[in-house]
Amino acid sequence: MDARVLSEAYLGELAPQQRRKVQRIIAKAEHVLLLARDYLDLTRIDTLSPDPQFHEVADFVAEVMEPAIEIGGAQLEDRNMWITREFPKALLHVSCEPELLRIALGNLMSNAVKYGKEGGEVRVKVERTRIGVRVTVWNEGPGFPAESKPRLFRRFSRLQTFETKQVPGTGIGLYSVWRIAKLHGGHADAESEEGQWAEFTIEIPQPPGTLDRDTMESFLSC
Ligand SMILES: Nc1ncnc2c1ncn2[C@@H]1O[C@H](COP(=O)(O)OP(=O)(O)O)[C@@H](O)[C@H]1O
Ligand SMILES: [Mg+2]
């Protein structure tokens with residue numbers, strides 16, 4: 001973005017006050033982008049969810065996981081963080097709605113980078129389970145208190161812990177993750193050791209289950 005070129009002095013040194021102003025413009029622009037992306041994702045989920053079209057993805061890691069890491073992990077280098085991948089050696093065929101799963105996993109990735117420890121590790125694991133496929137995104141960082149866990153996946157819910165409340169956000173990402181997991185008949189979960197790490201998982205049964213009409217309607221109206 002042009003403002004970054006200015007702030008990084010490629011077009012000449014800025015006075016400290018000018019640099020602070022440009023940095024504020026960048027932060028505002030990034031916030032608007034983040035807002036737009038979260039709300040567009042929500043619209044996408046609403047559009048696709050009444051009639052999810054599950055289909056077989058031949059290489060889950062290449063077609064879903066890596067694009068999600070690419071989108072969600074865009075700030076990884078800025079925060080000097082590093083990523084470890086624990087992926088199955090064999091090709092993983094997965095029946096799913098790939099567009100929605102890329103949104104969900106991209107959100108878990110971006111949270112790991114946003115709330116993780118600067119210079120810390122992010123670990124992404126993909127595995128087959130008894131019921132289907134599970135993705136785990138783990139990060140070093142402040143995590144969250146156990147009593148906050150029920151609030152994490154609620155719409156517009158953001159924790160007010162000292163470390164996380166300074167990071168801009170909408171409280172939509174984990175709600176999207178939860179809805180996308182449910183649409184596949186699966187579930188999402190979170191664990192943390194406060195002050196040490198946080199871990200988020202999404203598990204999708206194979207084949208994915210669809211919700212019955214009543215559950216679907218109550219789910220769409222929330
Ligand atoms: N990896 C994480 N470590 C610590 N807290 C997290 C993590 N991921 C999410 N959270 C907490 O859950 C809240 C909700 O996350 P999310 O729905 O993605 O919204 P947003 O990122 O826009 O705030 C965040 O505001 C933060 O308080
Ligand atoms: Mg988020």
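Visitor: Which residues make the nonpolar surface patch of about 360 Å²?

Guide: The model is predicted. Leu6, a residue of helix α1, has 34% relative accessibility and so counts as partly exposed. The patch of about 360 Å² is made by Leu6, Tyr10 and Leu11.

Visitor: What span should the 33 residues of helix α2 have, at 1.5 Å a residue?

Guide: Helix α2 covers residues 16-48. Its end C-alpha atoms lie 48 Å apart, which agrees with the expected span of 48 Å.

Visitor: Against which helices do the buried residues of α2 pack?

Guide: The buried residues of α2 include Val22, Ile26, Leu34 and Asp38. In an α-helix, residues three or four places apart point the same way, because there are 3.6 residues a turn. The buried residues of α2 pack against α1 (2-7), α4 (98-115) and α6 (173-183).

Visitor: Which strands do the buried residues of α3 pack against?

Guide: Helix α3 runs over residues 60-72 and reaches 17 Å from its first C-alpha to its last, close to the 18 Å expected. Among its buried residues are Phe60, Val64, Ala68 and Gly72. They pack against α4 and against the strands β1 (55-57), β2 (82-86), β3 (94-96), β4 (121-128) and β5 (132-140).

Visitor: Is β5 largely enclosed or exposed?

Guide: β5 pairs with β4 in the antiparallel sense over seven bridges, and with strand β7 in the antiparallel sense over nine. Seven of the nine residues of β5 are buried, so β5 is largely enclosed.

Visitor: Which residue of β7 stands opposite Val137?

Guide: Strand β7 comprises residues 197-205 and pairs with β5. Opposite Val137 in this strand stands Phe200.

Terms used
Residues are numbered from 1 along each chain as its sequence is written. Chains are lettered from A and ligands numbered from 1 in the order in which they are written. This is a predicted model: local features need pLDDT of at least 70, side-chain atom pairs count only at pLDDT 80 or more; totals for chains, interfaces and linings use all residues. Side-chain values use heavy atoms; hydrogens and water are left out. Helices (H or I, at least four residues) and strands (E, at least two) are DSSP runs, numbered from the N terminus. The expected span of a helix is 1.5 Å times one less than its number of residues. Buried means under 20% relative accessible area, exposed over 50%, partly exposed in between (1.4 Å probe, protein chains only). Contact means heavy atoms within 4.5 Å. Patches are made of residues with over 30% relative accessible area and no salt bridge: like charges are joined within 9 Å, nonpolar side chains (Val, Leu, Ile, Met, Phe, Trp, Tyr) within 5 Å. Accessible areas come from the Shrake-Rupley method with a 1.4 Å probe; for residues, only the protein chains shown count as cover. A salt bridge is a side-chain nitrogen of Lys or Arg within 4 Å of a carboxyl oxygen of Asp or Glu. Two strands pair if DSSP finds at least two bridges between them.
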